[in-house]
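Thanks for coming. I will go through the salt bridges, then the core, then how far the model can be read.

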Amino acid sequence: MVCTDKGFYTHCYAKHDLPDGKWMFYHPDTKKLAVVANVKNRKWNGLYYTYFENGSLATITNYQEDKRIGECRAYWRNGQMHFKEYNPNGFFIAYDTLGEIIRHESYSSDFSQRKKFKPIYPNELIKDNIPNDCTDTIFYDDLRYELIHHIRNNVNLFEIQSTAKDVLSEIKTQTDTIRLYIGISRNKLLESLGMDFYIMTESYIDYVLDVQNNVLVKISETPSYVLRCYFKNDVVYKIIIVTSAESLSYRSVCLILKEMYSI
């Protein structure tokens with residue numbers, strides 16, 4: 001792995017001629033994750049992540065035969081989105097550290113066909129009515145799913161996970177009509193829910209709406225809805241849904257989730 005220090009980014013990138021597979025590299029000083037690269041046919045193919053020395057996500061890029069394609073994003077050190085672009089010939093939007101747009105370019109493309117994210121609620125994932133005042137663990141569907149309702153710092157949070165020993169076994173029980181479920185692969189999740197996520201790392205993906213129910217772009221704003229899916233080997237094994245954050249910012253909600261799950 002080679003790293004070059006340029007401005008506010010430390011750019012680290014893996015060699016192109018690595019053997020096929022998923023490669024993970026770490027910063028030598030902090031020992032935190034630096035790069036996750038997917039290699040096929042001795043070329044970058046699939047999602048490619050880079051991380052700052054403190055462990056926060058710096059960039060996420062999708063490659064096909066060493067060429068950038070589809071959605072690509074970069075983040076400031078404070079977690080605010082820096083820019084996002086769609087390749088080839090889609091759009092480019094850049095934000096400052098406070099989330100204000102400082103550059104916006106659009107190009108002729110089929111980007112209008114991009115799928116818009118629509119929120120998913122616990123009762124769509126669990127085939128039963130969910131009590132508003134549930135505070136204990138509740139089991140559904142012959143004990144295959146576990147629902148836990150948390151309230152932390154006025155954040156109303158639902159945690160859904162599988163009780164199956166192997167979440168991959170859940171895939172066989174689902175149909176294509178279900179948008180999200182325990183055991184869905186990362187690629188199928190993106191295909192189903194679209195690319196309007198706020199952030200996606202090796203460990204999780206967040207879809208976030210603001211108080212106007214538009215896709216959130218400012219990490220300092222209060223979200224009306226947060227969907228977080230945790231991955232293990234690129235398969236969803238835990239789903240978190242935040243339906244009320246009171247006046248807390250999305251950054252504060254992320255800190256609560258980090259404290260609760262430390263993933």
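Start with Glu202 and Lys22, whose side chains form a salt bridge with N and O 2.8 Å apart. The two partners come from distant parts of the chain, 180 residues apart. Glu202 is in the loop between β15 (199-200) and β16 (204-210), and Lys22 is in strand β3, residues 21-26. Are the partners buried or exposed? Glu202 is buried, at a relative accessible area of 14%. Lys22 is partly exposed, at 35%. I should say now that this is a predicted model, and that every value I quote is computed from it.

The next pair is Glu85 and Arg68, a salt bridge with the closest N and O atoms 2.9 Å apart. Glu85 sits in strand β9 (residues 81-87) and Arg68 in strand β7 (residues 67-68), so this bridge ties together parts 17 residues apart in sequence. Glu85 has 11% relative accessibility and counts as buried, because the cut-off for buried is under 20%. Arg68, at 43%, counts as partly exposed.

Third pair: Lys218 and Glu100, with side chains meeting at 2.6 Å, N to O. Both residues are in loops: Lys218 between β16 and β17 (223-232), Glu100 between β10 (91-95) and β11 (101-106). The bridge therefore ties together parts that are 118 residues apart in sequence. Here the lysine is the buried partner, with Lys218 at 18% relative accessible area. Glu100 is partly exposed, at 40%.

Back to the first pair for a moment. Which residues are joined with Lys22 and Glu202 through shared salt-bridge partners? Arg186 and Asp234 are, and the four residues make one network. In total the structure has 12 salt bridges, and I have picked out three pairs.

Now the nonpolar side. The largest nonpolar core has 60 residues, and Leu189, Leu227 and Ile239 have the most contacts inside it. Which element gives the most to this core? Helix α3, residues 250-261, does, with 7 residues.

Take Leu227 as the example. Beyond its neighbours within four places in sequence, Leu227 contacts, among others, Phe117, Leu180, Leu193 and Ile205. Its contacts also include Asp206, Tyr207 and the run Ile239, Ile240 and Ile241. A separate core of 10 residues lies apart from the largest one, and includes Ala14, Leu18, Val39 and Tyr48.

Some totals for the chain. There are 3 helices and 18 strands. Of the 263 residues, 49% count as buried. The accessible surface is about 13,800 Å², with 49% of that belonging to carbon and sulfur atoms. Taking contacts between residues at least 6 apart in sequence, 41% join residues at least 24 apart.

Last, confidence. The chain has a mean pLDDT of 82, with 79% of residues at 70 or more. Which elements have the lowest and the highest mean pLDDT? Strand β12, residues 138-140, has the lowest, at 46, and β16 the highest, at 96.

Two stretches stay under 50 in pLDDT. Over residues 129-143, the model still has 28 contacts beyond four places in sequence. Over residues 169-173, there are 9 such contacts. Where pLDDT is low, the predicted coordinates should not be read in detail. Please keep residues 129-143 and 169-173 in mind as under 50 when you look at the model. That is what I have.

Key
Residues numbered from 1 in each chain as written. Predicted model: local features only at pLDDT ≥ 70, side-chain atom pairs only at ≥ 80, totals over all residues. Heavy atoms only, no water. Core = buried A, V, L, I, M, F, W, Y, C linked by side-chain atoms within 4.5 Å. Buried < 20%, exposed > 50% of the residue type's maximum accessible area, 1.4 Å probe, protein only. Helix = DSSP H or I, 4+ residues; strand = E, 2+ residues; numbered from the N terminus. Contact = heavy atoms within 4.5 Å. pLDDT = per-residue confidence, 0-100. Areas by Shrake-Rupley, 256 points an atom, 1.4 Å probe, with all protein chains shown as cover.
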